[in-house]
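Me: I would like a close look at one part of this structure, the largest pocket. Please go through what lines it, and then add what can be said about other places in the chain.

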Amino acid sequence: MTSTICRPECGRCAGPMPLLARADARFCSSACRQAAYRERRRAEREQVAVERASRIPAELTSRPRWVRHKDKVPLRTDGRFASVNDPSSWSDFAAADASSTGDGLGFVLTAGDGIVVVDLDHAVEDGRVLPWAQRIVDALPPTYMERGCSGAGLHLWFRGAVPHGRRIRRGELAVEMYSDRRYMIVGDRVPGTPLELAELPDAADRLTSLA
């Protein structure tokens, strides 16, 4: 009686493994092994992108306002300089997130979008929000908030406008507000904050009264 030897299958192409393949071999050739590695890396990058997008409001990721940055300088996805006045130098979120240029992501604020960012500079010390900054955060509507790339600042994102930007400096208090011709480095979402932008009408007056 003749017996049939069943050889294991390649983990990628499902073809038969070579007769002399090692017992722990998973792929039938170096080409399949390399292709499987590339596919695994691509899947990992896609998963990271999905997880990152889930931590940024769709109101932002749905707009083609994204750039990269290096040393606080905005960059295109190909590494050339980007400009807050040149929409052709911006990208959609997927392209910017997939790029390895620079240190991370940035979002360009434009007047037509009606998005305002309140930047509390040097607001966090030893992992705790300083009292002056906490007072402002508590007085404003709950909204998407993130830590700045330095870890010491807070960015609060709202729907609103500050036509010419505003800076308030008094003692340790340092507040900036922008909604046009400015790009913001996008950091890590503060846990527990909403994944959406709250309305902040009369943003400049409101912040001035709080500061």
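Reply: For sorting residues by class, Ala, Val, Leu, Ile, Met, Phe, Trp, Tyr, Cys and Pro count as nonpolar, Asp, Glu, Lys and Arg as charged, and the others, including Gly, as polar. On that basis the lining of the largest pocket has five nonpolar, four polar and five charged residues. The model is predicted.

The volume of this pocket is about 400 Å³. Its lining is made of 14 residues, and those closest to the centre are K72, D119, H155, R182 and I185. By the same scheme, K72, D119 and R182 are charged, H155 is polar and I185 is nonpolar.

Two strands each give at least two residues to the lining: β8, which covers 154-159, and β11, which covers 182-185. The largest share comes from β11, with four residues.

Next, a strand residue outside that list of closest residues. E199 sits in strand β13, residues 198-199. Apart from neighbours within four places in sequence, E199 is in contact with P141, F158 and R159. Both F158 and R159 fall within β8 (154-159), one of the strands that supply the pocket lining. I115 is 84 residues away from E199 in sequence, while their C-alpha atoms are 9.3 Å apart in space.

The last item is a pair of helices. Two packed helices are described by the angle between their axes and the distance between the axes. For α4 (residues 131-139) and α5 (residues 203-210), the angle is about 135 degrees and the axes are 10 Å apart. Angles over 145 degrees would count as roughly antiparallel and 65 to 115 as roughly perpendicular, so α4 and α5 are oblique to each other. The crossing of α4 past α5 is right-handed. On the α4 side the contact is made by R135, I136 and A139, and on the α5 side by R206, L207 and L210. Of these contact residues, four are nonpolar, none is polar and two are charged.

Notes
Residues numbered from 1 in each chain as written. Predicted model: local features only at pLDDT ≥ 70, side-chain atom pairs only at ≥ 80, totals over all residues. Heavy atoms only, no water. 1 Å grid on protein atoms, 1.4 Å probe; cavity = no way out; pocket = protein on both sides within 12 Å on 5 of 7 lines; lining within 4 Å. Points joined across faces, edges and corners; volume = space filled by probe spheres on them. Axes fitted to C-alpha atoms, helices over the stretch in contact; angles between N-to-C directions. Parallel < 35°, antiparallel > 145°, perpendicular 65-115°, else oblique. Left-handed = near helix turned anticlockwise from the far one by under 90°. Contact = heavy atoms within 4.5 Å.
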